Amino acid sequence: MENRSVPNIIGESLAIQRVLDQASLLADISRPVLVVGERGTGKELITHRLHYLSKRWKHPFIKLNCAALTETLLESELFGHEPGSFTGASRLHKGHFEEVGEGTLFFDEIASMSPRLQEKLLRVVEYGEFSRIGSSQTLYTEARIIGAANQDLPQLAETGHFRHDLLDRLAFDVITLPPLRSRKEDIEPLANSFGLNMAKELHRSYFPGFTSGAITELIGYPWLGNVRELKNVVERSVYHSSPERPVAKIIFDPFASPYRASPSGQQMEQASLPLQSDQGNFIDQEIRSAPDNFKEFIENIEKKILYKTLSDNQFHQRRTAESLGLSYHQFRGYLKKYQLTEKSR
Ligand SMILES: Nc1ncnc2c1ncn2[C@@H]1O[C@H](COP(=O)(O)OP(=O)(O)OP(=O)(O)O)[C@@H](O)[C@H]1O
Ligand SMILES: [Mg+2]
């Protein structure tokens, strides 16, 4: 039986469906591909899919992180070396271009590759030729090359930080993964899937899902860390929730605590209230009679409570919303109403 493991990519948005269609079309075309997008959008996942949907699936899939290896290490990992080709190279070492055979070689964070290695890679991509370090013998590779980047490669080429000719060769086609905030329809199915997996991991018999308020919060969040951040937030929230009830509390920030020190190392308790002095002390005074202006009176109370809670939470909006029992959206509405937005983060 085949041991093909095509990763399951969740998403109902048109944007992700287009990406899946593009990957299916590209899988069997033996040309380089670039996969680009913000961090955590699923670049590695889609690269696996390209490999496992292709005829190469029985051959190796080798990933190299260009940002994590020094230039010399990356070079010897890729091309291999002959014995004695440099100090410490006592035995023949076959590089990934040889080992991968007809498989896929995935260059993660390709924008970090040094100019010299970019030049060597260009030769491989162009002619399929390479040689081990310390050897003049030409070897040939059948590998498929996929590169991933979260930077704007054409712009890096414009500013001289990435070779134009290599970019042209690698960009036979480019898969662009959209950020999660631009495909909000995917948030709920992704959250349900991550929640279900977490419930299984916790040996819970079922996953009761999220409350509608929790879903609204998840959808309203900007997700700068994209799907990876969503996965972490959902897993944490499920872990903290009761097994029988739908998850109501979304824990965005695991560091949230009233005792958390502010960046300057001081607690923010002394922060002064932005209330005008004529609005100031009303909350402490006894209400002997009905206020002259009921609406203004209530608004002042709201404003004072908001500011006090913000201050208690080091002006962190999500934590403040949580401690007031408000959804993030409701809380943002109040901040806007009272123009407290620039003070908080
Ligand atoms: N559409 C999706 N369906 C299911 N899981 C997903 C999806 N997209 C991303 N993930 C999950 O989110 C996490 C991040 O994905 P991945 O590592 O592929 O992102 P990336 O773009 O390579 O990130 P980075 O730029 O930080 O390397 C992984 O756990 C991955 O399984
Ligand atoms: Mg990645």
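These legends accompany close-up views of a predicted model.

**View 1. The surroundings of ligand 1 between two domains.**
Let us start with the ligand. Both domain 1 (14-178) and domain 2 (181-240) contribute residues to the shell around ligand 1, so the ligand lies between them. The shell counts 16 residues, and those that come nearest are Ile10, Gly42, Lys43, Glu44 and Val227.

**View 2. Helices and residue character in the ligand shell.**
Two helices are worth picking out here: helix H2 (43-52) and helix H10 (226-240) each provide at least two residues of the shell around ligand 1. By character, the shell residues comprise 5 nonpolar, 6 polar and 5 charged.

**View 3. The open sheet of 5 strands.**
Follow the strands across this sheet and you will meet them in the order S2-S5-S8-S1-S9, with parallel pairing. At the edges are strand S2 (61-65) and strand S9 (173-177), each of which pairs on one side only. From one strand to the next, the twist averages 20 degrees. As a reminder for reading this view, strands of a sheet pair through backbone hydrogen bonds, either parallel or antiparallel.

**View 4. Strands S1 and S9 side by side.**
Here we move in on one pair from the sheet. Strand S1 (residues 33-37) and S9 run parallel and are joined by 5 bridges. A handy place to find the register is Leu34, whose bridge partner in S9 is Val174.

**View 5. Helix H1 over the strand pair.**
Last comes a helix that packs with these strands: helix H1 (residues 14-27) lies across S1 and S9. Relative to S9, helix H1 runs at about 150 degrees.

Key
Residues numbered from 1 in each chain as written. Chains lettered and ligands numbered in written order. Predicted model: local features only at pLDDT ≥ 70, side-chain atom pairs only at ≥ 80, totals over all residues. Near = placed C-beta within 6 Å. Helix = DSSP H or I, 4+ residues; strand = E, 2+ residues; numbered from the N terminus. Nonpolar A, V, L, I, M, F, W, Y, C, P; charged D, E, K, R; others polar. Domains from an automatic or database assignment. Pairing = 2+ DSSP bridges. Axes fitted to C-alpha atoms, helices over the stretch in contact; angles between N-to-C directions. Contact = placed C-beta atoms within 7 Å.
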